[in-house]
Amino acid sequence: MENSKRELVTLTQLSKEMNTTKVTISRWIKEKRFPAYNVVINNRVKYWTREVLNQFFDRGMENTK
């Protein structure tokens, strides 16, 4: 089993990695400029899988400027 594919990333973790604020990322999600969470646990706790984020960054963030 490949662990990297199932690695879950929280909003806090992602904001630190991207050196931006959680509010900014949330706004990008609302504006459809960033992938929405793809793992939701108990309807409350939200994550991305590392795989989804890697695919997004591989394509480039040209539309977040």
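## A sheet, four helices and a shared arginine

Leu8 stands opposite Thr49, a residue of strand β3. That pair is a good place to enter this predicted model. The neighbouring pair follows at once: Val9 has Trp48 in β3 as its bridge partner. These two bridges hold β1 and β3 (residues 45-49) together in the antiparallel sense.

**The overall plan**

How many helices and strands does the protein chain have? There are four helices and three strands. Read from the N terminus, they come in the order α-β-α-α-β-β-α. The protein chain has 65 residues, and 28% of them count as buried. Its exposed surface is about 4,800 Å², with 49% supplied by carbon and sulfur atoms. Now take the contacts between residues at least 6 apart in sequence. Of these, 44% join residues at least 24 apart.

**The sheet**

The three strands form an open sheet. Their order in the sheet is β1-β3-β2, and the pairing is antiparallel. Which strands lie at the edges? They are β1 (8-9) and β2 (39-41), and each pairs on one side only.

On one side, β3 pairs with β1 over two bridges. With β2, β3 shares three bridges, and these two strands also run antiparallel. One of the residue pairs here is Ile41 with Val45 of β3. β2 and β3 make a hairpin, with three residues between the strands. In that turn, Asn42 has a positive phi of about 55°.

**The nonpolar core**

In soluble globular proteins, nonpolar side chains tend to be buried together. Which residues make up the largest nonpolar core here? It has 10 residues: Val9, Leu11, Leu14, Ile25, Trp28, Ile29, Phe34, Trp48, Leu53 and Phe56. Three helices each supply at least two of them: α2 (11-18), α3 (22-30) and α4 (50-59). α3 gives the most, with three residues. Two names in the core are already familiar: Val9 and Trp48. They are also bridge partners in the sheet.

**A closer look at α2**

Which residues of α2 are buried? They are Leu11, Leu14 and Ser15. Why do they sit on the same side of α2? They cover an arc of only 100° around the axis, so they share one side of the helix. A general rule helps here. An α-helix has 3.6 residues a turn, so residues three or four places apart point the same way.

Several elements help to cover the buried residues of α2, including β1, α3, β3 and α4. Just after α2 comes Asn19, with a positive phi of about 55°.

**Salt bridges**

The structure holds four salt bridges. Three of them are listed here, with the distance between the closest N and O atoms.

| Acidic residue | Basic residue | N to O distance |
|---|---|---|
| Glu7 | Arg50 | 3.4 Å |
| Glu17 | Arg50 | 2.9 Å |
| Glu31 | Arg27 | 3.6 Å |

Start with Glu7 and Arg50, whose side chains meet in a salt bridge. This pair links distant parts of the chain, 43 residues apart. Glu7 is in the loop between α1 (3-6) and β1, while Arg50 is in helix α4.

Arg50 also forms a salt bridge with Glu17. Arg50 lies in helix α4 and Glu17 in helix α2, so this pair ties together parts that are 33 residues apart in sequence.

Is Arg50 buried or exposed? Arg50 is buried, because its relative accessible area is 14% and the cut-off is under 20%. Its two partners fall in another class. Glu7 is partly exposed at 31% relative accessibility. Glu17 is partly exposed too, with a relative accessible area of 43%.

The third pair in the table is Glu31 with Arg27. Glu31 counts as partly exposed, at 37% relative accessibility. Arg27 also counts as partly exposed, at 41%. Which residues do shared partners join into one network? They are Glu7, Glu17 and Arg50.

**Putting it together**

The sheet has the order β1-β3-β2. Helices α2, α3 and α4 each give at least two residues to the largest nonpolar core. The salt bridge between Arg50 and Glu17 connects helix α4 with helix α2. The one between Arg50 and Glu7 reaches the loop between α1 and β1.

Notes
Residues are numbered from 1 along each chain as its sequence is written. This is a predicted model: local features need pLDDT of at least 70, side-chain atom pairs count only at pLDDT 80 or more; totals for chains, interfaces and linings use all residues. Side-chain values use heavy atoms; hydrogens and water are left out. Buried means under 20% relative accessible area, exposed over 50%, partly exposed in between (1.4 Å probe, protein chains only). Contact means heavy atoms within 4.5 Å. Accessible areas come from the Shrake-Rupley method with a 1.4 Å probe; for residues, only the protein chains shown count as cover. Two strands pair if DSSP finds at least two bridges between them. A nonpolar core is a set of buried Ala, Val, Leu, Ile, Met, Phe, Trp, Tyr and Cys residues joined through side-chain atoms within 4.5 Å. The arc is that of the directions from the helix axis to the C-beta atoms.
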